[in-house]
Amino acid sequence: QTAATSKMGTFSITTRFNVQYKFVFNSRKGKIIYTSIPYDDKEECVKAISIIKMGSQESAFHKFKAAGGKFFFKILIDNVVVATSRKYSTELMLQKGINEILKYGGEAETIDFTEQDFVFPEIEFE
């Protein structure tokens with residue numbers, strides 16, 4: 001983990017089945033806070049990240065309670081769901097997840113893994 005990611009979290013863009021793009025927001029501690037819907041176009045994926053990072057009025061958080069008693073939230077942009085959070089055991093933990101985004105999301109680094117064939121360099125063994 002770099003110093004940048006440990007202070008503010010990261011948005012990571014990846015591909016789904018090599019045809020669709022998605023992003024996740026990882027907390028400062030590396031936990032996934034939420035995962036986006038799939039996008040056919042990478043530019044739409046990047047645009048959604050930008051809107052969330054700006055914290056504009058276009059984006060909103062809606063809280064839910066799952067049938068099993070856990071809590072989660074969805075992020076909407078212009079009334080369209082663009083991401084769903086992980087499940088939280090309490091409403092307080094859910095709010096902490098949202099607060100993490102509100103406090104650190106605007107400064108979060110965006111990492112694009114879609115252009116890289118190998119994330120880890122090859123190591124030659126003797």
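**Hairpin, core and pocket**

Visitor: Where does Asn-79 lie?

Guide: Asn-79 is found in the loop between E5 and E6. Please note that this is a predicted model.

Visitor: And what sign does its phi have, positive or negative?

Guide: The phi of Asn-79 is positive, at about 65°, although Asn-79 is not a glycine.

Visitor: Is Asn-79 buried or exposed?

Guide: Asn-79 counts as exposed because its relative accessibility is 71%, and the cut-off for exposed is over 50%.

Visitor: What about Asp-78, then?

Guide: Asp-78 also has its place in the loop between E5 and E6. Its phi is positive, at about 50°, and Asp-78 is not a glycine. With 52% relative accessibility, Asp-78 counts as exposed.

Visitor: What do E5 and E6 form?

Guide: The two strands form a hairpin, with two residues between them. E5 and E6 run antiparallel and are joined by four bridges. Within this pairing, Leu-76 has Val-81 in E6 as its bridge partner.

Visitor: How many bridges link E3 and E6?

Guide: Three bridges link E3 and E6, and the sense of the pairing is antiparallel. Tyr-34 stands opposite Ser-85 in E6.

Visitor: Moving to the interior: which residues touch the most other members of the largest nonpolar core?

Guide: They are Phe-11, Phe-23, Tyr-34, Ile-52 and Phe-73, in a core of 23 residues. At least two core residues come from each of strand E1 (10-16), strand E2 (20-26), strand E3 (32-36), helix H2 (42-54), strand E5 (71-77), strand E6 (80-85) and H3.

Visitor: Which element gives the most to this core?

Guide: H2 gives the most, with five residues.

Visitor: What does Phe-11 touch?

Guide: Leaving aside residues up to four places away in sequence, the contacts of Phe-11 include Phe-23, Tyr-34 and Ile-52. Phe-11 also touches Gly-105, Ala-108, Glu-109, Thr-110 and Ile-111, among others.

Visitor: Changing topic: how much space lies in the largest pocket?

Guide: The largest pocket holds about 280 Å³ of space.

Visitor: Which residues line it?

Guide: The lining of the largest pocket consists of Ser-27, Arg-28, Lys-29, Lys-31, Ile-33, Arg-86, Tyr-88, Met-93, Lys-96, Gly-97 and Glu-100. By type, six of the lining residues are charged, three nonpolar and two polar.

Visitor: Which helix gives the most to that lining?

Guide: Helix H3 (residues 91-104) gives the most, with four residues. H3 also supplies at least two residues of the largest nonpolar core.

Conventions:
Residues numbered from 1 in each chain as written. Predicted model: local features only at pLDDT ≥ 70, side-chain atom pairs only at ≥ 80, totals over all residues. Heavy atoms only, no water. 1 Å grid on protein atoms, 1.4 Å probe; cavity = no way out; pocket = protein on both sides within 12 Å on 5 of 7 lines; lining within 4 Å. Points joined across faces, edges and corners; volume = space filled by probe spheres on them. Nonpolar A, V, L, I, M, F, W, Y, C, P; charged D, E, K, R; others polar. Core = buried A, V, L, I, M, F, W, Y, C linked by side-chain atoms within 4.5 Å. Buried < 20%, exposed > 50% of the residue type's maximum accessible area, 1.4 Å probe, protein only. Contact = heavy atoms within 4.5 Å. Pairing = 2+ DSSP bridges.
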